[in-house]
Amino acid sequence: MARVWLDKITRRFSPSTAIEDISFEVPDGQFWVLVGPSGCGKSTILRIIAGLETANSGNLYIGDRLVNNVPARQRDVAMVFQNYALYPHMTVRENLAFGLRMRNTDPKTLQERVKSVARSLDIAHLLDRKPGQLSGGQQQRVALGRAIARKPQVFLLDEPLSNLDAQLRDDTRAELKQLHQQVGITTLYVTHDQIEAMTLADQIVVLNQGKVQQIGSPQTLYSDPVNQMVATFLGSPPMNLLQGIYQETHFEVEGQMLPVPNALSRKLQPAQGQCFNLGIRPEHLRVVSESEPVHLRAEVTLVEPLGREVLLRAVLPPRQTGSTLSLQVPPQLRPQVGDRLLLQLALDKLFVFDPSSGQRLS
Ligand code: ATP
C-alpha cells in the first residue's frame, strides 16, 4: 500500500487541456473518488497514475517514489475498467491467477491467493467456468478479483459498476466498500454517479473542465460546497436553483418575496437590485399551512411516491413559465397534481451564488 500524490499535473491534448494543475494527495489506504461531468478529466487522471498516459508537466509520486518516468508495469498499480476485459478463453481461476503468474509467484502461494480472493468476492463456486458462462456482475467481480489477487500498492477503478443493472450495482457497491475495509489498498475510483461517490468515498475530488473544484468528505461537500457546480452536482434530487433579486430585506423571486436572513443581509448590503442564484436542497423545503410563515407558493406538477416519502415537482406561478422545484414530503400529505402548496424554506440552509462566477457568497 502507498500514498498517491499528484503535484501540479497538467495534460494537454492539442488544442485543448484535459486536466490543468491538478494537485492532491491520497493518504495510504484511503478510498478517494473522482467525480464530475463527462469530459472533466477523471479518466485522464487515472490513466496518468497507471502510467498509460504521460503528463506534460507536474510530478506524480506513489509512496515516496517519483514515478513520472516509471513504466506502467513497474508501478505496482492495478486498474479495473468499465468493460471487464477478462480473458475469454481462460477459466475464472486462470483469470484470477494471471497477474500472479506474470510475476512468477510460486504455485502454492498462487493457489492460496486465488482461493482467498475468490472466497472474499463470493466467486469460489465459479472458478472452473469461463467468463462467457457468468453474469455481468460475476464477471465484474472476477475483474476486481484479478486486480486484488496481485496485491497492488494502488487500486484504480474507472466506472467499474456502470455496466451493471441497478440492483446489482447497489450490491456490488456495498461489496466493494467491505472489500476495501478488509484489504485497505489505497484506491482511486472514477464515477459520474454522485451516489457512488457519496457512499464509497473517504474523500471526494470534484472536477469540472479539467480543474479541481473542491476536495472534501462527502458530508462536507454536501453541506458546505464552495460553488454552484459542486452544490448542484452532489445530491439527489439535486439542489433547487432560483433567481432572486436582492431588495434589502427580501429576495424577489418571480414576483414572490423571500426573506433574507439578517447575517446574509449584512453581507449582501451593497448589492441592492442585483440578481443572485439561490440554492435550496429539496429536504429544506417544507409544506406549511396559512397559519405559519409562508415563503413561496407553488403548484404540484408531478408526484413520485417512493414509499417512505414522496418526491414532488412543483412550479412557481405562472405555471407555464415559472421555475420548477423538487421537494420531499411525507406520504401522509397525499399530494395530488394541481395542489397549491405553501412552502417554507429553512432560510439558514439557503445558498447564494454569484451568477457569473458560480462562487458561493453565503
Ligand atoms: P467520461 O466521464 O466521459 O469518461 P472523463 O471525465 O473521464 O469523461 P477524460 O476521458 O479524462 O474525461 O477526457 C478529458 C478531456 O480530454 C475530454 O475533453 C477528452 O475529449 C479529452 N481527451 C481524452 N483523451 C484524449 C486523447 N487521447 N486525444 C484527445 N483528447 C483527449
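## The six-stranded sheet and its helices

Which strands does helix α1 lie across? In this predicted model, α1 covers residues 42–50 and lies across β3 (31–35), β6, β7, β8 (186–191) and β9 (203–208). Its direction runs at about 150° to that of β7. Helix α4 (residues 136–149) also packs on the sheet, touching β6 and β7. The direction of α4 makes about 175° with that of β6.

Now for the sheet itself. This is an open sheet of 6 strands, and reading across you get β6-β7-β8-β3-β9-β10, with mixed pairing. The edge strands are β6 (77–80) and β10 (211–216), each of which pairs on one side only. From one strand to the next, the twist averages 15°.

## Both ends of that sheet

Start at the β6 end. Here β6 and β7 (residues 154–158) run parallel and are joined by 4 bridges. If you want a pair to find on screen, V77 stands opposite V154 in β7. Just before that strand, the loop between α4 and β7 holds K151, a residue other than glycine with a positive phi, near 50°.

At the other end, β9 and β10 run antiparallel, with 5 bridges between them. V205 has I215 in β10 as its bridge partner. The two strands form a hairpin with 2 residues between them, and Q209 in this hairpin takes a positive phi near 50°.

## Around the ligand

What surrounds the ligand? The residues are F13, A18, P37, S38, G39, C40, G41, K42, S43, T44 and E159. By type, this shell splits into 4 nonpolar, 5 polar and 2 charged residues. Helix α1 turns up again here: it gives the most to the shell, with 3 residues.

Some polar atoms are worth picking out. A backbone N or O atom of C40 lies 3.1 Å from an oxygen atom of the ligand, and for G41 a backbone N or O atom lies 3.0 Å from a ligand oxygen. K42 takes part through its side chain, with a polar atom 2.9 Å from an oxygen atom of the ligand. Taken alone, the ligand exposes 630 Å², and the protein buries 56% of that.

## The five-stranded sheet

There is also an open sheet of 5 strands, in the order β15-β19-β16-β17-β18, with antiparallel pairing. Why does one side of β15 and one side of β18 lack a neighbour in the sheet? Both β15 (285–287) and β18 stand at the edges with a single partner strand each, so one side of each is left without a neighbour in the sheet. On average, neighbouring strands here are turned by 45° against each other, direction ignored.

The partner of edge strand β18 is β17: the two pair in the antiparallel sense over 6 bridges. Within that pairing, L311 has Q328 in β18 as its bridge partner.

## Cis peptide bonds

Two loops deserve a look for their backbone. The peptide bond from S14 to P15 is cis, with omega near 5°, and P15 sits in the loop between β1 (4–13) and β2 (16–26).

Further along, P317 and P318 are joined by a cis peptide bond with omega about 0°. P318 is found in the loop between β17 (310–315) and β18 (324–329), and those strands are the antiparallel pair with 6 bridges described above.

Note on methods
Residues are numbered from 1 along each chain as its sequence is written. This is a predicted model: local features need pLDDT of at least 70, side-chain atom pairs count only at pLDDT 80 or more; totals for chains, interfaces and linings use all residues. Side-chain values use heavy atoms; hydrogens and water are left out. Two strands pair if DSSP finds at least two bridges between them. Axes are lines fitted to C-alpha atoms, for helices over the stretch in contact, and angles run from 0 to 180 degrees between N-to-C directions. Contact means heavy atoms within 4.5 Å. A residue is near a molecule or strand if one of its heavy atoms lies within 4 Å of it. A polar contact is a pair of N or O atoms within 3.5 Å; within protein, one must be able to donate a hydrogen and the other to accept it, and residues adjacent in sequence count only if both atoms are side-chain atoms. Accessible areas come from the Shrake-Rupley method with a 1.4 Å probe; for residues, only the protein chains shown count as cover. Ala, Val, Leu, Ile, Met, Phe, Trp, Tyr, Cys and Pro count as nonpolar, Asp, Glu, Lys and Arg as charged, and the others, Gly among them, as polar.
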